Amino acid sequence: MSADDLVVDDLIPLRWGISSAHVNLLPPDKDQDAAISRILSDSEAMKFLQFMTKPNGYSLADVAKRRQYRDQGQRNKKLLNFTIALKQSQIPDQLLDKIDQEEFLPPRRIPVDGISGCIDMDESYLVIGCCGLNNIEGYNRCSEAGIILDARFWRSGVSSAAMYLVLKYGFETMRLHRIALLTTKDNIGMRGWLERTIGVSVECIRREVLYLGSGKYLDSWDYAVFDRHWHEHAERKLLSRLGVLKQ
């Protein structure tokens, strides 16, 4: 089947999840709200996302409202939302001592659409962030990808594992042509990942489009991955990077 024969909207389920040996992308649920509240309220995790922060952090009510808003976006076929989670056995050994046992959620089978019907989280697991596709344009086959990660897991390889699953689904299942990734000048880690691991250059710099409050703005550094990049080199580079992750 050619890309022209596919209808992108048909490939955005109401509840979707993807698992790999390295990471689990789950549909957002209420029992994850406390962990997401902690991450969105953490100044280090939000260091490069200051335009999203709230003065007093994100309350449980704020997170529930955000989850419900994004769920509606997924029903409208404009978003594909995931919560990033690691089973206890997937957490790198050097990070285990940084985690309070009370942060773990109990094992459960998480319902998803599709043939499997669920993702089996068969051991205690930890919610460490969120990611997905935003501003999906089915006719143009374009979207944006984004990720927010618990700062304890920066440089652990988990973000590469999560974004690999997002990009793979976008390019190989949804047959998207272009996925944009937006960051800022100071986010050297993200820019380096895009330029060295994915192999793309900054496409444009949009001046003063991210409002910080008090009359202050940030520039957006915009990158884009095209389907040809994915198939020619980006997937291979990401798979190579994932080889260093804990099995």
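Which residues is Asp227 in contact with, leaving aside its neighbours within four places in sequence? Select Asp227 and look around: the residues are Phe171, Leu176 and His177, where contact means heavy atoms within 4.5 Å.

Before you go on, note that this is a predicted model, in which local features need pLDDT of at least 70, side-chain atom pairs count only at pLDDT 80 or more, and totals for chains, interfaces and linings use all residues. Residues are numbered from 1 along each chain as its sequence is written, and side-chain values use heavy atoms, with hydrogens and water left out.

**Stop 1: Asp227 and helix H6**

Stay with Asp227, which belongs to helix H6 (residues 227–242). Helices (H or I, at least four residues) and strands (E, at least two) are DSSP runs, numbered from the N terminus. Asp227 is partly exposed, at a relative accessible area of 24%; buried means under 20%, exposed over 50%, and partly exposed in between (1.4 Å probe, protein chains only). Now show the C-alpha atoms of Asp227 and Phe171: they are 6.0 Å apart, although 56 residues separate the two along the chain.

Next, follow H6 to His233, where a kink of about 50° is centred. The bend at a residue is the angle between axes fitted to the seven residues ending there and the seven starting there. His233 is one of the buried residues of H6, which also include Trp230 and Leu238. To see what covers the buried residues of H6, colour helix H4 (158–173), helix H5 (188–198) and strand E10 (216–226), which are among the covering parts.

**Stop 2: salt bridges**

A salt bridge is a side-chain nitrogen of Lys or Arg within 4 Å of a carboxyl oxygen of Asp or Glu. By this rule, the count is 15. Select Arg15 and Asp29, whose side chains form a salt bridge of 2.9 Å, N to O. Arg15 sits in the segment before strand E1 (18–19) and Asp29 in the loop between strand E2 (24–26) and helix H1 (33–40), so the pair ties together parts that are 14 residues apart in sequence. Add Asp31 and Arg108 to your selection, and you have a network of salt bridges linking Arg15, Asp29, Asp31 and Arg108.

Now pick Arg38 and Asp150, another salt bridge, at 3.1 Å, N to O. This pair links distant parts of the chain, 112 residues apart: Arg38 is in helix H1, and Asp150 in the loop between strand E7 (142–149) and H4. Is Asp150 buried or exposed? Asp150 is buried, with a relative accessible area of 4%, whereas Arg38 is partly exposed, at 32%.

**Stop 3: aromatic rings**

Rings of Phe, Tyr and Trp (its six-membered ring) pair if their centres lie within 6.5 Å; planes under 30 degrees apart count as stacked, over 60 as edge-to-face and the rest as tilted. The structure holds five aromatic pairs. Select Phe48 and Trp154 for a stacked one, with 6.2 Å centre to centre and 25° between the planes. Then try Tyr211 and Tyr217, a tilted pair with 4.9 Å centre to centre and 50° between the planes. Finally, show Tyr164, Phe171 and Trp230 together, as they form one aromatic cluster.

**Last stop: charges over rings**

A charge sits over a ring if NZ of Lys or CZ of Arg is within 6 Å of the ring centre and within 35 degrees of the ring normal. Select Arg191, which lies over the face of Trp221, 4.1 Å from the ring centre. End beside your starting point with Arg228, whose charged end is over the ring of Phe226, 4.6 Å from its centre.
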